[in-house]
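Thanks for asking me to look this one over. Here are my notes, point by point, to read alongside the model.

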Amino acid sequence: MKTAVASSSLNKKHTIRLGFLTLACVLFVGFWLTSATAGKVIMQDEPGKPELQKICKGCHELEKAYSIKQDRNGWQLTMEKMVSFGMKSTDEEYKAVLDYLVKNYAADEVPKVKVNKATAIELESGLSLKRSQAKALIDYRTKNGPFKSLDDLKKVPGIEAEKIEARKDRLSFEQ
Ligand code: HEC
């Protein structure tokens, strides 16, 4: 009888301790999961996702492919840029990925690119310029003073006029 009581109270203690342990584990895993996934963009399961996962990795992390948000025009320019880096895809894959990106990574409110103040990095990502083009733009700006209009920008050697034209709504000539 005595032993039965002792062992049942031991069991109870044991159960409580186990309960605490489980709780601690759940909390720990919970925190770990939250911090591990915080800031990560979760990809929506929609048409175009498998194609994106196929063609947008290889040169950089897949995450980089959808690290920005922009409008259709912007995504089109980004994809053309990737093609110029050597990205390969079929026309169907290209279209599926473009549609996926436009739908799932649309611009909320795109800040304007201040062409007279922007750094090389801002010019590269904001206007989908290549590094060499961003550098040429800054060199030109340093030499000739601030840009006043779209036409001024088109004078920069190596800049593709139609690309700049496509982004004209995003340009700010603020000095
Ligand atoms: C053939 C190689 C290659 C493939 C494939 C590729 N990229 Fe890139 N991507 C690059 C390189 C190189 C950079 C870095 C650009 C730089 O340093 O200017 C880059 C950078 C980026 C950036 C950062 C912004 C920018 O313009 O630099 C985005 C966004 C991006 N890639 C999206 C994509 C998407 C979307 C796909 C698939 C449709 C893709 N990439 C596939 C080579 C590639």
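1. Helices here are DSSP runs of H or I with at least four residues, strands are runs of E with at least two, and both are numbered from the N terminus. On that basis, the order of elements along the chain is α-α-α-α-α-β-α-α-α-α-β. That comes to 9 helices and 2 strands. Please keep in mind that this is a predicted model.

2. A word on the chain as a whole. It has 175 residues, and 18% of them are buried. Taking contacts between residues at least 6 apart in sequence, 65% join residues at least 24 apart.

3. Now to the ligand, which you will probably want to look at early. Its surroundings comprise 22 residues, and the closest are C56, C59, A65, G86 and M87. Two or more residues of this shell come from each of helix 3 (62–65), helix 4 (72–84), helix 5 (91–104) and helix 6 (120–127). Helix 4 gives the largest share, with 4 residues.

4. What is the shell around the ligand like, in terms of nonpolar, polar and charged residues? The split is 11 nonpolar, 7 polar and 4 charged. As for domains, domain 2 (49–104) and domain 3 (113–172) each supply at least three residues to the shell.

5. Helix 6 deserves a point of its own. Which of its residues are buried? They are L123, G126 and L127. These residues sit on the same side of helix 6, because the arc they cover around the axis is only 80 degrees. The general rule behind such patterns is that an α-helix has 3.6 residues a turn, so residues three or four places apart point the same way.

6. What lies over those buried residues? The cover for the buried residues of helix 6 includes strand 1 (113–114) and helix 7 (131–144). Just after helix 6 comes S128, with a positive phi of about 55 degrees. If you are viewing the backbone there, S128 is the residue to click on for that positive phi.

7. Last, a loop residue. D108 is found between helix 5 and strand 1. Is D108 buried or exposed? A residue counts as exposed if 12 or fewer other C-beta atoms lie within 10 Å of its own. D108 has 6 within 10 Å, so D108 is exposed. D108 and Q70 are 38 residues apart in sequence, while their C-alpha atoms are 7.6 Å apart in space.

Key
Residues numbered from 1 in each chain as written. Predicted model: local features only at pLDDT ≥ 70, side-chain atom pairs only at ≥ 80, totals over all residues. Near = placed C-beta within 6 Å. Nonpolar A, V, L, I, M, F, W, Y, C, P; charged D, E, K, R; others polar. Domains from an automatic or database assignment. Buried ≥ 20, exposed ≤ 12 C-beta atoms within 10 Å, placed from the backbone. Arc of directions from axis to C-beta. Contact = placed C-beta atoms within 7 Å.
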